[in-house]
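Got your viewer open? Let's walk through this one selection by selection, starting where two parts of the protein meet and ending at the nucleic acid.

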Amino acid sequence: MARLIRVEEIARHVGEEVIIQGWVYNRTDKGKLQFLLVRDGSGFVQCVAFRKELPEAIFEQLAHIPQESSVRVTGIVRADKRAPGIPGGYEIGVTGFEVIQAAQGDYPVALKEHGVDFLLDHRHLWIRTPRQWAILRIRATVIRAIRDWLDGHGYVNVDTPILTPAACEGTTTLFETPYFDDEVAYLTQSGQLYNEANIFAFGKVYCFGPTFRAEKSKTRRHLTEFWMVEPEIAFCDLDQLMEIEEQFVSAIVQRVLEERADELRYLGRDTAALERITPPFPRISYDEALEMLAAIRAETDDPRLKQLLAIEWGQDFGSPHETELTKRFDKPLFVYGYPTEAKAFYMEPWPGRPEVCKSVDLLAPEGYGEIIGGSERISDPDLLLERIREENLPEEAFAWYIDLRRYGSVPHSGFGLGIERTVAWICGIEHVRQAIPYPRTIKRLYP
RNA sequence: UCCUCGGUAGCUCAAUUCGGCAGAGCGGCCGGCUGUUAACCGGUUGGUUGCAGGUUCAAGUCCUGCCCGAGGAGCCA
């Protein structure tokens with residue numbers, strides 16, 4: 001009696017008669033021989049049907065089944081090196097075929113080249129194709145690795161609000177939404193301030209969810225809605241923070257290598273580059289980074305690059321700076337000790353150098369840019385108040401935040417890791433919009 | 001907000017420096033083929049050239065304005 005199986009476990013069923021439920025991804029018509037590539041959500045498998053081996057009516061139905069129809073296929077599993085699919089190398093010799101629904105009308109997403117705009121308009125269908133499917137499977141594994149690592153290291157998941165009364169950081173643009181009785185709420189751009197409250201109850205915490213930035217950024221690294229995991233740790237200084245970050249990021253990458261090898265292979269990812277991602281990661285200071293950039297500028301003959309890399313002490317790095325710096329390393333790169341003026345108000349000053357703060361960014365290799373921003377936070381209430389006043393932030397809104405430093409303040413640190421940039425880097429894809437199921441960009445709210 | 005590139009069939013694109021019958025491939029449909037890998041071969045289907053004006057005997061092509069998209073800068077994860 002044939003058993004229902006999932007394609008991802010097909011290797012365990014060689015020689016058995018099985019049932020696959022799924023959708024017709026592609027069909028190759030060879031006349032008396034039909035190849036169906038069927039996907040069932042867990043993988044893609046080739047089903048081979050010969051005219052002489054099936055009742056005529058069934059074979060005719062199979063030979064005309066439209067792309068993306070839902071079907072139930074019965075057949076014998078066999079190993080065959082020629083068989084395409086994910087995992088591939090196995091195929092099903094069809095003994096039975098049942099149509100659940102024949103797809104109606106032409107399917108828009110052909111197995112051919114399409115433009116970006118067309119694909120994004122059809123994102124609800126595009127995610128069925130193997131490349132997008134593989135990326136989103138890896139995203140799910142990244143998220144699971146994140147939660148498993150944090151849960152396994154004593155962190156408590158404490159969720160923070162998405163509707164907030166004010167900016168966490170005054171600098172970036174917020175999405176505004178009407179709230180009851182003529183009030184206004186903002187979509188969160190970080191759970192950090194709430195995380196800081198939560199560590200005084202739980203020690204080590206993280207929040208994980210969507211965050212929103214109304215920046216008019218149009219690049220391959222930006223979305224207006226993106227997911228971020230933000231751990232925050234009590235009794236933790238900047239050095240300890242970097243150790244946590246490199247352990248954390250390495251664990252995520254290694255987990256994907258273990259569990260999503262088929263998907264990485266399908267994407268054509270150079271896995272050797274990922275296998276190198278183990279602690280420790282190189283660490284350079286902002287000052288050292290500036291020296292490196294000056295050296296790179298001196299070496300290059302490209303006037304455009306010279307122009308792009310121009311930077312003065314006090315400025316934050318742009319994308320070109322990050323790319324050039326990370327080119328010199330084959331692991332993620334820590335850059336710490338940014339100028340205070342370039343960073344948020346809550347960052348602890350460097351001892352003896354108030355113009356520098358105890359911040360650290362983690363830059364991904366291969367030009368994927370900043371995947372983590374973090375810092376040690378100010379723990380002294382008076383200093384925090386002073387910084388809030390310097391930045392002209394509304395003091396009343398931060399009353400609760402200053403409270404945290406009054407009742408048992410401790411050195412503490414935290415960071416935020418951007419999920420889509422991390423997934424894009426691990427997958428080796430060109431744009432973060434493919435690393436989230438339904439990307440939201442400045443020009444796109446559909447589907 | 002700025003810079004660069006683009007918008008022609010359902011999709012991807014072509015249409016000759018210098019205006020002259022709007023085309024091909026793919027997809028769909030019909031037929032052929034027992035090992036295809038985005039199959040291949042033959043036939044067939046398919047157009048408000050982003051929008052609005054203007055110049056001209058004639059505009060996809062030239063001019064003006066607008067709309068939309070992409071990549072990048074700035075900002076950021």
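## Stop one: the domain interface

About 800 Å² is buried between domain 1 and domain 2, with carbon and sulfur atoms giving 59% of that area. To see who pays on the domain 1 side, show Tyr25, Phe44 and Ile86 as sticks: these lose the most area to domain 2, and together they make up 50% of what that side buries. Keep in mind as you click around that this is a predicted model.

Now colour chain A by domain, using 3-101 for domain 1 and 124-435 for domain 2. If you drop a centroid on the C-alpha atoms of each domain, the two centres sit 45 Å apart. At the interface, 10 residues of domain 1 are in contact with 8 residues of domain 2.

## Stop two: polar links across the interface

How many salt bridges does the rule find across the interface of domain 1 and domain 2? There are 2. For a salt bridge to look at, select Glu68 and Arg128, whose closest N and O atoms are 2.9 Å apart. Polar contacts are there too: 4 residue pairs across the interface of domain 1 and domain 2. As for the side of domain 1 that touches domain 2, its residues split into 4 nonpolar, 3 polar and 3 charged.

## Stop three: RNA strand B

Next, select RNA strand B and expand to the protein within 4 Å. You should pick up 49 residues, the closest being Asn26, Leu111, Arg220, Glu370 and Arg421. On the RNA side, sugar and phosphate account for 49% of the strand's atoms that come within 4 Å of the protein.

Which residue types make up the surface near RNA strand B? The split is 12 nonpolar, 14 polar and 23 charged.

## Stop four: backbone atoms facing the RNA

Switch on the main chain and go through these one at a time:

- Glu370: a polar backbone atom is 2.5 Å from a sugar or linking oxygen of RNA strand B.
- Glu113: here a polar backbone atom is 3.1 Å from a sugar or linking oxygen of the RNA.
- Lys216: a backbone N or O atom lies 3.3 Å from a base nitrogen of RNA strand B.

Finish by turning on the cartoon. Elements giving two or more residues to the surface near RNA strand B include strand E2 (17-29), strand E3 (33-39), helix H2 (116-121), helix H11 (319-327) and strand E19 (369-377). Which element gives the most to that surface? Select E19, which supplies 4 residues.

How values were computed:
Residues numbered from 1 in each chain as written. Chains lettered and ligands numbered in written order. Predicted model: local features only at pLDDT ≥ 70, side-chain atom pairs only at ≥ 80, totals over all residues. Heavy atoms only, no water. Domains from an automatic or database assignment. Contact = heavy atoms within 4.5 Å. Buried area = accessible area lost by both parts, 1.4 Å probe. Salt bridge = Lys/Arg side-chain N within 4 Å of Asp/Glu carboxyl O. Polar contact = N/O pair within 3.5 Å; in protein donor to acceptor, adjacent residues only side chain to side chain. Nonpolar A, V, L, I, M, F, W, Y, C, P; charged D, E, K, R; others polar.
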